[in-house]
Amino acid sequence: MTRLGAGIAAIVMLSISAAAASAQTKSAVDKLYILNCGEGVAGDISRWSPGVNVGKSMDFADNCYLIHHTQGWLLWDTGIPDAVAVMPDGQAPADPKATHWWRPKTLASQLDQLGVKPTDIKFVAISHTHGDHIGNVELFPQSMLLVQKAEYEWRARPVRLASSRSIR
């Protein structure tokens, strides 16, 4: 019985030590903002699932995420181009089956509202290189661009960025 008691005491002590250690660990992220980086309506969602939901439309929300980390600000995706915000009817696609985009607020204005300048953004991470995710990447020429190699190489034509960088 004493061996069992000593074993239980040891387990309890280890549990208390682990709990104390995890309580002292601080997250490296202290702020997260969800930004409106565009809104759209896809004309025919069967383009993503051929033969299913033919002719059905679907609303889209295009979010970007601004994260303050101990290493600096990181922006995840840049949404559709800010220029779409001044288009009264949004950006209508040539193909009615594609997505019609609107931008109720510019990315630049949302950053300004938070007191963050584009030059404050240390990292810009791109989930993938579709236009609704890289539309404002040129606003951050001083930021380190984080993108998967396959996505970087996928671009059919180069997209010129400020400075000498480009995405292909």
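Two strands count as paired when DSSP finds at least two bridges between them. With that in mind, let's walk through this predicted model, starting with its strands.

## Strands and their pairing

Strand 2 and strand 3 are joined by a hairpin that passes through two residues. These two strands run antiparallel to each other, with five bridges between them. Within that pairing, Tyr-65 has Trp-76 in strand 3 as its bridge partner.

Strand 2 also pairs with strand 1, again in the antiparallel sense, over eleven bridges. Strand 1 in turn pairs with strand 4, antiparallel and over four bridges. Gly-40 is a handy residue to click on here: its bridge partner in strand 2 is Phe-60, and it stands opposite Trp-101 in strand 4.

Strand 4 has a neat pattern of its own. Its side chains alternate, with Thr-99 and Trp-101 buried and pointing to one face, while His-100 and Trp-102 point to the other face and are not buried.

## The disulfide

How many disulfides does the structure hold? There is one, formed by Cys-37 and Cys-64, with the sulfur atoms 2.0 Å apart. The link between Cys-37 and Cys-64 is left-handed, with -135 degrees about the S-S bond. Cys-37 belongs to strand 1 (residues 29–42) and Cys-64 to strand 2 (residues 58–69), so the bond ties together parts that are 27 residues apart in sequence. Cys-37 is buried, at 0% relative accessible area, and Cys-64 is buried with a value of 0% as well.

## The nonpolar core

In soluble globular proteins, nonpolar side chains tend to be buried together. In this model the largest nonpolar core has 15 residues, and those with the most contacts inside it are Leu-35, Leu-66, Leu-75, Leu-107, Leu-111, Ile-121 and Phe-140. At least two residues of this core come from each of strand 1, strand 2, strand 3 (72–76), helix 2 (107–113) and strand 5 (121–125).

Leu-66 is a good residue to follow through this region. Beyond four places in sequence, the residues it touches include Leu-35, Leu-75, Leu-111 and Ile-121. Its contacts also include Lys-31, Tyr-33, Trp-73 and Val-116.

## Arg-103 and the salt bridges

Two salt bridges are counted in the model. One joins the side chains of Arg-103 and Asp-82, at 3.5 Å from N to O. This pair links distant parts of the chain, 21 residues apart: Arg-103 sits in the loop between strand 4 and helix 2, and Asp-82 in the loop between strand 3 and strand 4.

Is Arg-103 buried or exposed? Arg-103 is buried, with a relative accessible area of 3%, and its partner Asp-82 is buried at 14%. Because the cut-off for buried is under 20% relative accessible area, both residues fall in that class.

The side chain of Arg-103 also reaches backbone oxygens. A polar atom of this side chain lies 3.3 Å from the backbone oxygen of Asn-36, and the side chain reaches the backbone oxygen of Lys-105 at 2.8 Å. Leaving aside neighbours within four places in sequence, Arg-103 has further contacts, among them Cys-37, Thr-78, Ile-80, Gln-110 and Asn-136. Cys-37, which Arg-103 contacts, is the disulfide partner of Cys-64.

The other salt bridge brings together the side chains of Lys-149 and Glu-153, at 3.9 Å from N to O. These residues are four apart in helix 4 (residues 149–154), so about one helical turn separates them. Lys-149 is exposed, with a relative accessible area of 61%.

## Two residues with positive phi

Most residues other than glycine have a negative phi, and most peptide bonds are trans. The table shows two residues that are not glycine and yet have a positive phi.

| Residue | Phi | Location | Relative accessible area |
|---|---|---|---|
| Asn-53 | about 60 degrees | loop between strand 1 and strand 2 | 31%, partly exposed |
| Asp-77 | about 70 degrees | loop between strand 3 and strand 4 (99–102) | 3%, buried |

Both residues lie in loops, Asn-53 between strand 1 and strand 2, and Asp-77 between strand 3 and strand 4. Asn-53 is partly exposed, whereas Asp-77 is buried.

Methods: Residues numbered from 1 in each chain as written. Predicted model: local features only at pLDDT ≥ 70, side-chain atom pairs only at ≥ 80, totals over all residues. Heavy atoms only, no water. Disulfide = S-S within 2.5 Å. Buried < 20%, exposed > 50% of the residue type's maximum accessible area, 1.4 Å probe, protein only. Core = buried A, V, L, I, M, F, W, Y, C linked by side-chain atoms within 4.5 Å. Contact = heavy atoms within 4.5 Å. Salt bridge = Lys/Arg side-chain N within 4 Å of Asp/Glu carboxyl O. Polar contact = N/O pair within 3.5 Å; in protein donor to acceptor, adjacent residues only side chain to side chain.
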